[in-house]
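Welcome! Here is a short set of exercises for getting to know a structure step by step. Try each task yourself before reading its solution.

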Amino acid sequence: MQGIGIGISDFKRLRVRDNYFIDKSLYIKEIIDNQASVILVTRPRRFGKTLNMSMLRYYFDCTEKDNKELFKGLKIMEQEEKYTSKLGNYPVIYMTLKDVQDRNYENMLLDMKTEVLNVYQEHRYLLDSEKIYEEEKEKIKEILFGREDEVALKNSIRELTKYLNRHHGKPVMLLVDEYDVPLENAYFQGFYDKMISFIRSLFESALKTNINLEFAVITGCLRISRESIFTGLNNLDIYSIMSPRYTDAFGFTRNEVKEMLSFYRLEDKFDEVKDWYDGYQFGKLDI
């Protein structure tokens, strides 16, 4: 019997271990169907945002050659060719801001440098690319050695999209998870204005009129006002818990809970589970 991957938010690990998985892969289809260049989805904690972002990453990433097996038997593979052809079709930048939180602005910039370093490490093969100029490789090395200044840090993701697009000959998918963590932390630590200025510059650099970007998906718990952080972005669609789109992509529907309990022969526990975990409504759907 399939085990339950408690605490696992990496899609590949969950599938390789053959843990029980409630099939949310049609979320990929919905993302492809969305015509917005930048999609922001906000949901409460513990509703599978990171797992879904990980799923998107493994589906689109062209640097992973064996990912088709991860999606075997899932609903996305039953869709028409316009969707299945996107499997392994784009370079992907995946970053999470969950650890960008500290007691002052200077330390948070160091946290941000660490995350950008992690992102660049995943694409350090660019240093061997004949399509990347030598001066650009020096810029990459500056980031890999943590020597970039604040201006270079703000522009680091946009620059990486340029390098990846040129190397692969394909536009880039940008996935940003937990985008609001640094802002929530900065608010309570007393340097919100500084941090929102930095995050605004980072996102506007990466997202605004970026010809190297196919599209971006951003997730978090809080909806920070467009005026505060996404100023000037006219290509942004925001989907909160009130929105009718993506309602069943996060959390579990009534039928999904019943199916899971039936699988583990715990049908008689439905009312108890409902008492513990019910009470959410996304759009008009009970979750």
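## Exercise 1: The largest pocket

In this predicted model, the largest pocket holds about 1700 Å³ of space. Find which residues lie nearest its centre, and sort its lining by class.

**Solution.**
- Step 1: The lining of the largest pocket is made of 50 residues, and R46, F47, G48, G251 and F252 lie nearest the centre.
- Step 2: Look for the elements that take part. At least two lining residues come from each of α3, β2 (92-96), α5 (105-122), α11 and α12.
- Step 3: Sorted by class, the lining has 26 nonpolar, 10 polar and 14 charged residues.

## Exercise 2: The second largest pocket

Work out which element gives the most to the lining of the second largest pocket.

**Solution.**
- Step 1: This pocket has a volume of about 540 Å³.
- Step 2: Its lining counts 26 residues, with F21, I22, D23, K24 and K75 nearest the centre.
- Step 3: Two or more lining residues come from each of α1 (11-16), α2 (26-33) and α11.
- Step 4: Of the elements, α11 gives the most, with 4 residues.
- Step 5: The classes in this lining are 11 nonpolar, 5 polar and 10 charged residues.

## Exercise 3: A closed space

Now turn from pockets to cavities. How many cavities of 30 Å³ or more does the structure hold, and which residues line the largest cavity?

**Solution.**
- Step 1: The structure holds 1 cavity of 30 Å³ or more, and the volume of the largest cavity is about 50 Å³.
- Step 2: Its lining consists of M95, I157, L174, V176, L202, F203, A206, L207, A216 and I218.
- Step 3: β3 (172-177), α9 and β4 (213-220) each supply at least two of the lining residues, and α9 has the largest share, 4 residues.
- Step 4: The lining divides into 10 nonpolar residues, with no polar and no charged ones.

## Exercise 4: The nonpolar cores

Find the residues with the most contacts inside the largest nonpolar core, then list what M112 touches.

**Solution.**
- Step 1: The largest nonpolar core has 48 residues, and M112, M195 and L207 have the most contacts inside it.
- Step 2: Helix α9 (residues 192-207) provides the largest share of this core, 8 residues.
- Step 3: Leaving aside residues up to four places away in sequence, M112 touches L97, V100, L153, M195, F198, I199 and L202.
- Step 4: There is also a second, separate core of 38 residues, which includes I8, Y27, L74 and M173.

## Exercise 5: Two helices

Compare the span of α3 with its expected value, and check how much of this helix is buried. Then look at α8 and the residue that follows it.

**Solution.**
- Step 1: Helix α3 (residues 49-60) has 12 residues and reaches 17 Å from its first C-alpha to its last, close to the 16 Å expected at 1.5 Å a residue.
- Step 2: α3 is mostly covered, with 11 of its 12 residues buried; among them are K49, N52, R57 and F60.
- Step 3: In helix α8 (residues 181-189), the buried residues include V181, P182 and N185.
- Step 4: After α8 comes G190, whose phi is positive, near 95 degrees.

## Exercise 6: A loop residue

Why does D268 count as exposed?

**Solution.**
- Step 1: Place D268 first: it is in the loop between α11 (254-263) and α12 (270-277).
- Step 2: A residue is exposed when its relative accessible area is over 50%.
- Step 3: D268 counts as exposed because its relative accessibility is 64%.
- Step 4: Finally, D268 and K258 are 10 residues apart along the chain, and their C-alpha atoms are separated by 9.7 Å.

Conventions. Residues are numbered from 1 along each chain as its sequence is written. This is a predicted model: local features need pLDDT of at least 70, side-chain atom pairs count only at pLDDT 80 or more; totals for chains, interfaces and linings use all residues. Side-chain values use heavy atoms; hydrogens and water are left out. A nonpolar core is a set of buried Ala, Val, Leu, Ile, Met, Phe, Trp, Tyr and Cys residues joined through side-chain atoms within 4.5 Å. Buried means under 20% relative accessible area, exposed over 50%, partly exposed in between (1.4 Å probe, protein chains only). Contact means heavy atoms within 4.5 Å. The expected span of a helix is 1.5 Å times one less than its number of residues. On a 1 Å grid over the protein atoms alone, a cavity is a set of points where a 1.4 Å probe fits but cannot get out, and a pocket is an open set with protein on both sides within 12 Å along at least five of seven lines; lining residues have an atom within 4 Å of a point. Grid points are joined across faces, edges and corners, and a volume is the space filled by probe spheres set on the points. Ala, Val, Leu, Ile, Met, Phe, Trp, Tyr, Cys and Pro count as nonpolar, Asp, Glu, Lys and Arg as charged, and the others, Gly among them, as polar.
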